[in-house]
Amino acid sequence: MNARNPKNIPGIGMTSQRTRVRMVERLREKGIRDERVLAAMGAVPRHVFVEEALASRAYEDTALPIGFSQTISQPYVVARMIEALMAERPRKLGKVLEVGTGCGYQAAVLAQLAQEVYSIERIRGLLERARANLLGLKLSNLRLAHGDGNEGLAKAAPFDSIIVAAAAIEVPEGLLRQLAMGGRMILPLKSPSAGRDAQRLSLIERSARGFAETELDPVRFVPLEMGKE
Ligand code: SAH
């Protein structure tokens, strides 16, 4: 075990491989069908990404606090968003940008499935925490960056897939610009007309004819903020 990451990755009891297998079974029951996504969800030890005191709840299908007033996303929502990016054809994720690294969990799932993953986080303290969480997993195709995800990540653009883990009122222009032709982006959007807290997942596809948007499930994410800290 790495000295800087004393958490036990294999896990025992409530953090064991068996508990993770049960989480995957529940995802299947809730409607996740893509075997590639289910396998990736089964491969990443979620307990490594939450505080010791919450480790026994790591495989429940709920969001949990990760400090800095942020949360680790619900497993179903992580699986649902990635499945939507990969749906039909069957599509590969290619080069991915994740906005909102948080504790690094979803980035680790994406790294199982994509060629290359870039993940950007605006809170430096959280990014450092994510780096420590990810250390033991040795994911050589994952790069973390500190910055405002509204601007995307120009040095690595364009991206075949973009996934945003925080809710905006409208799709950030900078992200649309950095989406490759034939690329897909998924993000939660606030719909103020449907009530103060209402959010929906939106899937955006870029083709030669422009951008096409499809509305998916109602969700609940922390807000996409401006700037970095
Ligand atoms: N991907 C995480 C979820 C993190 S919650 C997981 O796997 O569980 C959403 C994250 O988005 C928070 O860490 C928050 O700080 C970050 N965030 C919010 N606005 C942002 C912005 N403009 N740029 C980058 N990160 C942002």
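Helices and strands are taken here as DSSP runs, of at least four residues for helices and at least two for strands, and are numbered from the N terminus. In these terms Phe68 of the predicted model lies in the loop between E1 and strand E2 (70-72). The phi angle of Phe68 is near 55°, a positive value in a residue other than glycine, and the residue is partly exposed, with a relative accessible area of 37%. A positive phi, near 50°, is also found at Lys138, again a residue other than glycine; Lys138 belongs to the loop between H5 and E5 and counts as exposed, at 66% relative accessibility. A further backbone feature is the cis peptide bond that joins Ala157 and Pro158, with omega at about 0°, and Pro158 is placed in the loop between E5 and strand E6 (159-164).

The strands include an open sheet of 7 members, arranged in the order E5-E4-E3-E6-E7-E8-E9 with mixed pairing. Strand E5 (142-146) and strand E9 (210-219) form the edges, each pairing on one side only, and the twist from one strand to the next averages 15°. At one end of this order, strand E8 (residues 199-207) and E9 pair in the antiparallel sense over 8 bridges, and Gln199 has Val219 in E9 as its bridge partner. Helix H5 (residues 124-135) packs on the sheet through contacts with strand E4 (116-121) and E5, and the direction of the helix makes about 160° with that of E5.

The largest nonpolar core comprises 55 residues, and those with the most contacts inside it are Met41, Phe49, Ile82, Tyr105 and Ile186. Helix H3 (residues 75-86) provides the largest share of this core, with 9 residues. When residues up to four places away in sequence are not counted, Ile186 touches Met81, Ala84 and Leu85, together with Ile162, Ile163 and Val164, and also Leu201, Ser202, Leu203 and Leu216. Apart from the largest core lies another, of 21 residues, among them Ile120, Ala156, Ala166 and Leu175.

Met41 is also one of the buried residues of H2, which include Val37, Leu38, Ala40 and Gly42, and the elements that cover the buried residues of this helix include helix H1 (17-29), H3 and helix H4 (105-113). The loop between helix H2 (35-43) and strand E1 (64-67) contains His47. With a relative accessible area of 5%, His47 falls under the 20% limit and is therefore buried, and the side chain of His47 makes a polar contact of 2.7 Å with that of Tyr59. The C-alpha atom of His47 is separated by 19 Å from that of Gly125, a residue 78 places apart from it along the chain.

The surroundings of the ligand comprise 26 residues, of which Ser73, Gln106, Glu121, Gly149 and Glu225 come nearest. Polar backbone atoms of two of these residues approach the ligand: one of Gln106 is 2.8 Å from a ligand oxygen atom, and one of Glu225 is 2.7 Å from a ligand nitrogen atom. A side chain takes part as well, since an N or O atom in the side chain of Glu98 is 3.0 Å from a nitrogen atom of the ligand.

Notes
Residues numbered from 1 in each chain as written. Predicted model: local features only at pLDDT ≥ 70, side-chain atom pairs only at ≥ 80, totals over all residues. Heavy atoms only, no water. Core = buried A, V, L, I, M, F, W, Y, C linked by side-chain atoms within 4.5 Å. Buried < 20%, exposed > 50% of the residue type's maximum accessible area, 1.4 Å probe, protein only. Contact = heavy atoms within 4.5 Å. Polar contact = N/O pair within 3.5 Å; in protein donor to acceptor, adjacent residues only side chain to side chain. Pairing = 2+ DSSP bridges. Axes fitted to C-alpha atoms, helices over the stretch in contact; angles between N-to-C directions. Near = heavy atom within 4 Å.
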